[in-house]
Amino acid sequence: MYCKIFGHDYKVSRDVTSYVKEYSCNNCKKELTTNSKGDLIELTPKFKEINNMLEDIHNKRKLRF
Ligand SMILES: [Zn+2]
């Protein structure tokens, strides 16, 4: 109800890479993520999977350098 009036209150819930992040709303827990084009989209299980892979690749790169 709050979100319908004031809009969602998104906070970054996870840094996947430097440019892909996951967001969740403080009030209704709705989740968003950044896609490859930099748009905010709904965080579906499919995208959660993609983000997990991205994070994996990202972390491996960090270790190498
Ligand atoms: Zn909300």
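## Salt bridges

A search of the whole structure turns up seven salt bridges. The model is a predicted one. Several of these contacts are described here, one at a time.

Start with Asp9. Its partner is Lys11, and the closest N and O atoms of the two are 3.3 Å apart. Asp9 is partly exposed, at 31% relative accessible area. Lys11 is also partly exposed, with a relative accessibility of 42%. Next comes Asp15. Its side chain meets that of Lys21 in a salt bridge of 3.0 Å, N to O. Asp15 has a relative accessible area of 48%, so it counts as partly exposed.

## A bridge within helix H2

Asp56 and Lys60 form another salt bridge, with their closest N and O atoms 3.5 Å apart. Both residues belong to helix H2. They are four residues apart there, which means that about one helical turn separates them. Asp56 is partly exposed, with 43% relative accessible area. Lys60 is exposed, at 52%. The cut-off explains the two labels: exposed means over 50%, so Lys60 passes it and Asp56 does not.

Salt bridges can also share partners. Arg14, Glu22 and Glu55 are joined in this way into one network.

## The chain as a whole

The chain has two helices and four strands. From the N terminus on, the order of these elements is α-β-β-β-β-α. The strands therefore come between the two helices in this order.

The C-alpha atoms fill a box of roughly 45 × 20 × 20 Å, taken along the principal axes. The chain has 65 residues, and 23% of them count as buried.

## The zinc site

Which residues hold the zinc ion as protein donors? They are Cys3, His8, Cys25 and Cys28. The three cysteines each give their SG atom, while His8 gives ND1. These atoms lie 2.0 to 2.4 Å from the zinc ion. The angles among the four donor atoms are 102 to 116°, and the site is tetrahedral. To count as tetrahedral, four donors need all angles between 85 and 135 degrees, so this site qualifies.

Along the chain, the donors follow the spacing C-x4-H-x16-C-x2-C. Cys3 lies in helix H1, residues 2-6, and Cys25 lies in strand S2, residues 21-25. The pair therefore ties together parts that are 22 residues apart in sequence. Are these two cysteines buried or exposed? Both Cys3 and Cys25 are buried.

## Aromatic rings in helix H1

The structure holds one aromatic pair. Its rings belong to Tyr2 and Phe6, with centres 4.6 Å apart. Their planes meet at 35°, so the pair is tilted. Stacked planes would be under 30 degrees apart, and edge-to-face planes over 60, so 35° falls in neither group.

Why are Tyr2 and Phe6 separated by about one helical turn? Because they are four residues apart in helix H1. Tyr2 is partly exposed, with 46% relative accessible area. Phe6 is exposed, at 59%.

## A nonpolar patch

The two aromatic residues also take part in a surface feature. Met1, Tyr2, Ile5 and Phe6 form a nonpolar patch on the surface. Together, the four have about 540 Å² of accessible area.

## Two more residues

Where does Lys29 lie? It is in the loop between S2 and strand S3, which spans residues 31-34. The phi of Lys29 is near 65°, a positive value in a residue other than glycine. Most residues other than glycine have a negative phi. Lys29 is exposed, with a relative accessible area of 54%.

Leu54 has its place in helix H2, residues 45-64. With a relative accessible area of 27%, Leu54 is partly exposed. Gly38 is 16 residues away from Leu54 along the chain. The C-alpha atoms of these two residues are separated by 14 Å.

Notes: Residues numbered from 1 in each chain as written. Predicted model: local features only at pLDDT ≥ 70, side-chain atom pairs only at ≥ 80, totals over all residues. Heavy atoms only, no water. Donors = N, O, S within 2.8 Å, 3.2 Å for Na, K, Ca; no water. Tetrahedral: all angles 85-135°; square planar, octahedral: opposite > 155°, others 65-115°. Buried < 20%, exposed > 50% of the residue type's maximum accessible area, 1.4 Å probe, protein only. Phe/Tyr/Trp six-rings, centres within 6.5 Å; stacked < 30°, edge-to-face > 60°. Patch = residues over 30% accessible without salt bridge, like charges linked within 9 Å, V, L, I, M, F, W, Y side chains within 5 Å. Areas by Shrake-Rupley, 256 points an atom, 1.4 Å probe, with all protein chains shown as cover.
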